[in-house]
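Take a look at the structure below. This report goes through its strands, its cores and the place where two chains meet.

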Amino acid sequence: MKKLLTAFVGSMALASAPMAMSAEANKELKMAYDADPVTLDIHEQLSGGMLQLSHMTFDPLLRWTKDLGFEGRLAESWERVDENTMRFKLREGVKFHSGNELTTKDVQFTFDRLKKSQDFKAIFKPFSELKVIDDYTFELITSEPYPLLLNTATYIFPMDSEFYSGKTDGGQEKDAIVKHGNSFASNNMSGTGPFTVASRQQGVRVEFERFDDYWDTESPGNVGKIVLTPIKENNTRVSALLSGGVDFVAPVPPTDLERIRNDKNSELVTMSGTRIILFHMNQERVEAFKNPKVRQAIAHAINQEGIAAKIMKGFATPAAQMSPEGYQGHNASLEPRFDVAKAQELMKEAGYEDGFTITMMAPNNRYVNDAKIAQAVAAMLARINITVDLKTLPKAQYWPEYDNRAADMMMIGWHADTEDSANFFEFLTFCPDADSGSGQYNAGNYCNAELDALVDKANVETDLDKRAAMLQEVEQRLYDEAAFIPLHWQDLAWASKKNVQIEPILNVMNFPYMGDLVVE
Amino acid sequence: MLAFLVQRISQAILVMFVISVIAFAIQDGLGDPLQQMVGMSVSEEERDAIRDEMGLNDPLVVQYLRFAGNAVQGDLGISYFYGKPTLDVILEHLPATLELAIGASLIILFFSVPIGVYAAIRPQALLSKFFMGVSTVGISIPVFLTAIVLIQLFSIGVTVDMFPADTGWGQNLNSALSTEGGLPSYGRGDELTHLFGTWHSGFFSQGGLLHLILPAISLASIMLPLFIRLIRAEMMEVLQSDYVRYARAKGLQPGRINFLHALKNTMLPVITVGGVQIGTMVAYTILTETVFQWPGVGLMFLEAITRSDIPLIVAYLMVVGLIFVITNTIVDLIYGLVNPTVKLTGKKA
C-alpha cells in the first residue's frame, strides 16, 4: 500500500510538471454518444460502449486497423512458436496512470481476470494459459490450434495489477468483478491509455483528460480534454451538433443523414457495418418451416434491397449471408434473391399454395428501424399468402420473449465479438444445445450437424485460406437451405464539426481511437 | 389540524405501500434486468448464477418481504445501473427536475395572471382574442413538438431566403423570419453552483440560466394556456358578482377593484387546480427532460424503464407518490388559510 501511495505521489508530481506532450494536446472536445459507460471496470460487461471506453483509457496488446488487419499497441511484436503457442514481446517503458510501469505480470493479472469475468470467459475459453517468460516476454497458449488467437488478443487491455490488488477500506477485494452494486474497479481505474477519467457523473457527463505520460508519443492526437455527454434522444443529439453544442456525435440516425450532409459546418462519415439483422423461422413451432421449399419461398419473397433503400434510406447493406465483407466466411457469390413469382411457385410446390398464419416478434428500440423492418417483412410475406401476426416490443421485454422462443419468426441482430464468421454460426445456426450453450440464439431450431462439424473443423485450422474456404462453404449451404432470412448489415454513421478530423480514427468495429484524434 | 396531518401521513403510508406492491407485481412485465447487465454471448448458466446471487430467482413474495423489510428501515435497494442506493440516485437527480419545474412555474405565473386578467377585463379586445386563440393552439400541441421547434428556432437557427433578397422588403422579411440560434439545446451546462448536499443549481450563473430557458418554456407551454383560460373564466365570473358591482358603484379605482378584490377570489380555484397540476407537471417533465437531455428524475426514470432497473423504478414511484401526498396536503392547508370558510377534515366545526 505504501509503495502504491508513493507511486501515486510520484505520478502527481510528474503530472504537475509542464510536459511537451500536454502543451501540444490542448484541444477540448465535446462529444455525445447515445449512452455513457456503465462502469469503469472494463471486464464487467462486454459491450460496444465498454470497448469504446477501453480504447480511450487503456490500450490493447494489438488493435484492429481500418482494413481489419492488426497493429501492435502494447505488444511490440509477436511470433508463432508452435501450433498452440504465440509469443509476444511487450513494449518497454509504458506507464500506467498510477505511475507504475507495465510488465508481463500486469498482462498475467489481466488474463486471469478475463478468465474470471462472466462476460469475457467464453471468448477466452480456447486459451489454456498465459506463460510469462521474462518481464517483457510472454506466451499465449491455447489447448488446440486456434486461428483466432490474435483476434482475441485485441480484447486484452492490460490493467495495472498493483493498482487493482489488495483490499479496499471496506474489506472488498479490489480486483472483484461485481455486476450489480459498487466495486473498487467500477469506480477507479488505472490503464495505459491516452486518457484518464477526471470526473464522472453517471448518466450526465464524463470528463477525460489526456494522460501526460502516455507512451505513444508518435500519436498525432492533440485532444487534451474530452467531455462526453450521453444524449439518448436521436433528435436532441443531432440538434446538439447542429447548434454547435458538441463537436462529435454518434450514432447518427438514418433520418438525419441528409440534414447533416447539407449542413455546411458538419462532416458525416458512414461505413457499412458488421451487425447482421435477420429473422429466424422456428421449425419447432411451425411444421411448414421444416420444409426447405417453404423457407426458400420466404427467402425469395423478401426484398432486402427494397428494405435497405426505402426503410433504411440507403443506410444498410443488403445481405444474403451473415458474414460481412472482410470476414473470412464472406462468400462474394451470394446475392439477395428477391423474386415473388418464384416464391409463389415454391409455395405451390411445397403444397402451401393457400398459405398459413404465423406469429412474428421484433424489438422496437434495439436496432435501427427494427419495428418498421418487421412490418415490411410481414407485408412481403402476405404476398405468398403467409399471414403474419406481428408484435413489437421494447428491448427489455423482447429478450425474455426471445429466450422463450415466443413467436414463429423472431428478429435478431448479431455482431461477432471475435470479428469472425464462426461466431455467427456458433450462436445463430448451430444445433441448439443447452448443455454446451451452442446455438444459444438459434430461434429457428435449424440443425445441421454436418455444417456444425465443418465450423468446428475450421476453428482449429490455422491455415487461413483453407479456413476461409470452409467457412464460405458453410455460408453457401446455409443460403441454399435458407436456414434463416438475412436482411442487411446495419451501417454505421458518425458526425462531427468540420474541424474535427474523425475519419482517420473510425473503424467498422465502432471503437473510435480517440487518442489519435486531431482537431484543427 | 394535528388530526388532519396524522390522517394525511397515514394516507401517505398507505399510498406508498400500494405503489410498492403494484410496482413489484408488474416487474415481470418490465423485462429482464440481466439482459442489460451482461453481453449477448453470456451463457444461460452464467445468467442464472447471477440471478441467484441477486435473489431474482426467489418467489416474488420473498423478494417483496425482503424489500419491504429494508424499506421500513429507509433502504430502498440498490440501483442495478448506478450501483448506488436508489434514494441517493433520486436525490442526485431531483434538483435538476425541481429547478426545471420552478422555472416553468415562474413563467406560468408571470404570464398567466396578467394575460388572464386582461382577457377578462377586455374580452372584446383584439389582443384578448389573439391570446385566446394562441392558447387554444398551445394547449393542443404536444410538448415534445414544442421542444423540437424551439430547438430548431433558437438553438440551431433558421435561415429564411424565400423572399427576394435584392428588394428592401424581401430582405427585411428574410431577416425578420430568420433566427440566430445559439441557445443551448441539451443538458444543464457546466456552470453549476453547489448549494448544499446534492443540489447543484443553475440559477446563479448565466450559463445555467441559458440552459434552463428552452426546457422551461417547453414545459410551461402545456400549462400556461390552461391557466390563462382558467384565470380568465374565474375572473369574468367574479367581475359579475355583487361585491364588485358595489365597489364599482362606490367609485373605487378600477385597478384596485380588479387586482385587489376580484383577483383574490379568482385565485382560489387556481390554487386547487395548480396543486393538482403539479402532478401533471411531473409527468410532462419526463417528456421535456428526454428531449433536452435534462439530467433530472424524469429522464432517469425513463431510462430506468428501458434498462429494467427495477429497484430504481420502485423507489422513484414511491418518492413521486410521496410528493403527490405532500403537495396535496400543502394545497389543502393553503386553501384553508386563503379561504377561512373551508374546513379541514378532522377539525371540529
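Which residue in E5(A) does Ala75(A) stand opposite? The partner of Ala75(A) is Leu90(A). Keep in mind that this is a predicted model.

## Strands side by side

Start with strand E4 of chain A, residues 75-82. Strand E5 of chain A covers residues 85-90. The two strands pair in the antiparallel sense, over 6 bridges. Between E4(A) and E5(A) lie 2 residues, and the two strands form a hairpin.

E5(A) also pairs with strand E7 of chain A, residues 137-142. Here 5 bridges join the strands, and again the sense is antiparallel. One point to find on screen is Met86(A), which stands opposite Leu140(A) in E7(A).

## Nonpolar cores

Next come the cores. In soluble globular proteins, nonpolar side chains tend to be buried together. The largest nonpolar core in this model has 99 residues. Ile298(A), Leu381(A) and Met409(A) have the most contacts inside this core. Helix H12 of chain A, residues 370-382, gives the most to the core, with 7 residues.

What does Leu381(A) touch, leaving aside its neighbours within four places in sequence? Leu381(A) is in contact with Ile298(A) and Met409(A). The list also holds Ile302(A), Ile358(A), Met360(A), Ile386(A) and Val388(A). There is a second, separate core of 74 residues. Among its members are Met159(A), Trp494(A), Val500(A) and Ile502(A).

## Where the chains meet

Now turn to the contact between chain A and chain B. Chain A brings 46 residues to the contact, and chain B brings 44 residues. The size of an interface is often given as the accessible area lost when the parts come together. For chain A and chain B, the buried area is about 3700 Å². Carbon and sulfur atoms account for 53% of it.

How many salt bridges cross the interface of chain A and chain B? There are 2 salt bridges. In one salt bridge, the side chain of Lys121(A) meets that of Glu46(B), at 2.6 Å from N to O. The count of residue pairs in polar contact between the two chains is 10, with both residues at pLDDT 80 or more.

Several elements of chain A give two or more residues to the side that touches chain B. They are strand E10 (223-230), helix H7 (234-242), helix H13 (395-403) and strand E16 (409-414). H13(A) supplies the largest share of that side, 6 residues.

Definitions and conventions
Residues numbered from 1 in each chain as written. Chains lettered and ligands numbered in written order. Predicted model: local features only at pLDDT ≥ 70, side-chain atom pairs only at ≥ 80, totals over all residues. Heavy atoms only, no water. Core = buried A, V, L, I, M, F, W, Y, C linked by side-chain atoms within 4.5 Å. Buried < 20%, exposed > 50% of the residue type's maximum accessible area, 1.4 Å probe, protein only. Helix = DSSP H or I, 4+ residues; strand = E, 2+ residues; numbered from the N terminus. Contact = heavy atoms within 4.5 Å. Pairing = 2+ DSSP bridges. Buried area = accessible area lost by both parts, 1.4 Å probe. Salt bridge = Lys/Arg side-chain N within 4 Å of Asp/Glu carboxyl O. Polar contact = N/O pair within 3.5 Å; in protein donor to acceptor, adjacent residues only side chain to side chain.
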